[in-house]
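Student: Got a minute to go through this one with me? I'd like to talk about packing and cysteines.

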Amino acid sequence: MERYCAYQERCHKEVVSKLKEMHMIPEVIDQIMAHLILENYLNEERFAKSFARGKFSIKKWGRNRILKELKLRNISKYNIQTALQEIDEEDYKKTLDTLANKRVEQLTGKSLQEKRRKLADYLLYRGWENHLVYDKIQTLLKEHHL
C-alpha cells in the first residue's frame, strides 16, 4: 500500500476502497490507514491541492467541477477551500478566456442562439461558475457577434 500511495497522491476513500477490494477486514484496514497517515503516505490536504492544480491545469476544469469531485471523495470543507486557493485568479480568467474562444471557433454553421447555448453548456459542464460563463458570453457577443 505504501507503493500504491507513493505512486500518486491518493485520498483516504481510494485507499479504503482498494483495501476492501483486497478483502481486508475492517481492523486491518484501520491499522494500515493509520500507518499510511503516520508515515505521511496519505495526506488529504496534499491530495486536495494536487488534485485541484492538476484538474485545472490539465483538464481545464472550473472551480465548481473541482469542488464537486473533491466532495465525492469525502474531502473536508477546509481542505477543499485550501485546494481551491491553489488556483491563481489570473490564470483562472486566462484559461476561461482561452477555452471559450477556442470553443466559439469550433461552433461553425449554427444559429446565434444555438452557439450561445452550446458554449454555455460546454463551460458549465466543465465546472465554470455561472456568472463567469454568462459574462464571457456577453463579451464574445460583442467581439464575435455571437
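**Cysteines, cores and crossings**

Tutor: Sure. Let's start with cysteine 11, which counts as buried because its relative accessibility is 0%. Keep in mind that this is a predicted model.

Student: And cysteine 5, buried or exposed?

Tutor: Cysteine 5 counts as buried too, at 4% relative accessibility.

Student: How many disulfides does the structure hold?

Tutor: Zero. Cysteine 5 is in no disulfide, and the nearest cysteine sulfur, that of cysteine 11, is 9.9 Å away. Cysteine 11 is likewise in no disulfide, with the sulfur of cysteine 5 as its nearest cysteine sulfur. The cut-off for a disulfide is sulfur atoms within 2.5 Å, so a pair at 9.9 Å doesn't count.

Student: OK, on to packing. How many residues are in the largest nonpolar core?

Tutor: That core has 28 residues. Ile66, Leu70, Ile75, Leu119, Leu123 and Trp128 are the ones with the most contacts inside it.

Student: Which elements give two or more residues to it?

Tutor: Helices H4 (44-57), H5 (63-72), H6 (77-84), H7 (89-106), H8 (112-125) and H9 (130-144) do. There's also a second, separate core of seven residues, and Cys5, Val15, Ile29 and Met33 are among them.

Student: Val15 and Ile29 sound like helix residues. What do the axes of H2 and H3 do?

Tutor: The axes of H2 (residues 12-21) and H3 (residues 26-38) come within 11 Å and cross at roughly 140°. That angle makes H2 oblique to H3. The crossing is right-handed.

Student: Which residues make that contact?

Tutor: From H2, His12, Val15, Val16, Leu19 and Lys20; from H3, Ile29, Ile32, Met33, Leu36 and Ile37. Val15, Ile29 and Met33 are residues of the second core as well.

Student: Now H7 and H8. At what angle do their axes cross?

Tutor: Roughly 140°, with the axes coming within 10 Å.

Student: Why call them oblique rather than roughly antiparallel?

Tutor: Roughly antiparallel needs an angle over 145 degrees, so H7 and H8 count as oblique to each other. Their crossing is right-handed. Leu96, Leu99, Ala100, Arg103 and Val104 of H7 make the contact with Leu119, Tyr122 and Leu123 of H8. Leu119 and Leu123 also belong to the set with the most contacts inside the largest core.

Student: Last one: where is arginine 65, and is it buried or exposed?

Tutor: Arginine 65 is in helix H5. It counts as buried because its relative accessible area is 14%, and the cut-off is under 20%.

Student: What does arginine 65 touch?

Tutor: Leaving out residues up to four places away in sequence, arginine 65 touches Tyr125, Arg126 and Gly127.

Technical notes: Residues numbered from 1 in each chain as written. Predicted model: local features only at pLDDT ≥ 70, side-chain atom pairs only at ≥ 80, totals over all residues. Heavy atoms only, no water. Core = buried A, V, L, I, M, F, W, Y, C linked by side-chain atoms within 4.5 Å. Buried < 20%, exposed > 50% of the residue type's maximum accessible area, 1.4 Å probe, protein only. Helix = DSSP H or I, 4+ residues; strand = E, 2+ residues; numbered from the N terminus. Axes fitted to C-alpha atoms, helices over the stretch in contact; angles between N-to-C directions. Parallel < 35°, antiparallel > 145°, perpendicular 65-115°, else oblique. Left-handed = near helix turned anticlockwise from the far one by under 90°. Contact = heavy atoms within 4.5 Å.
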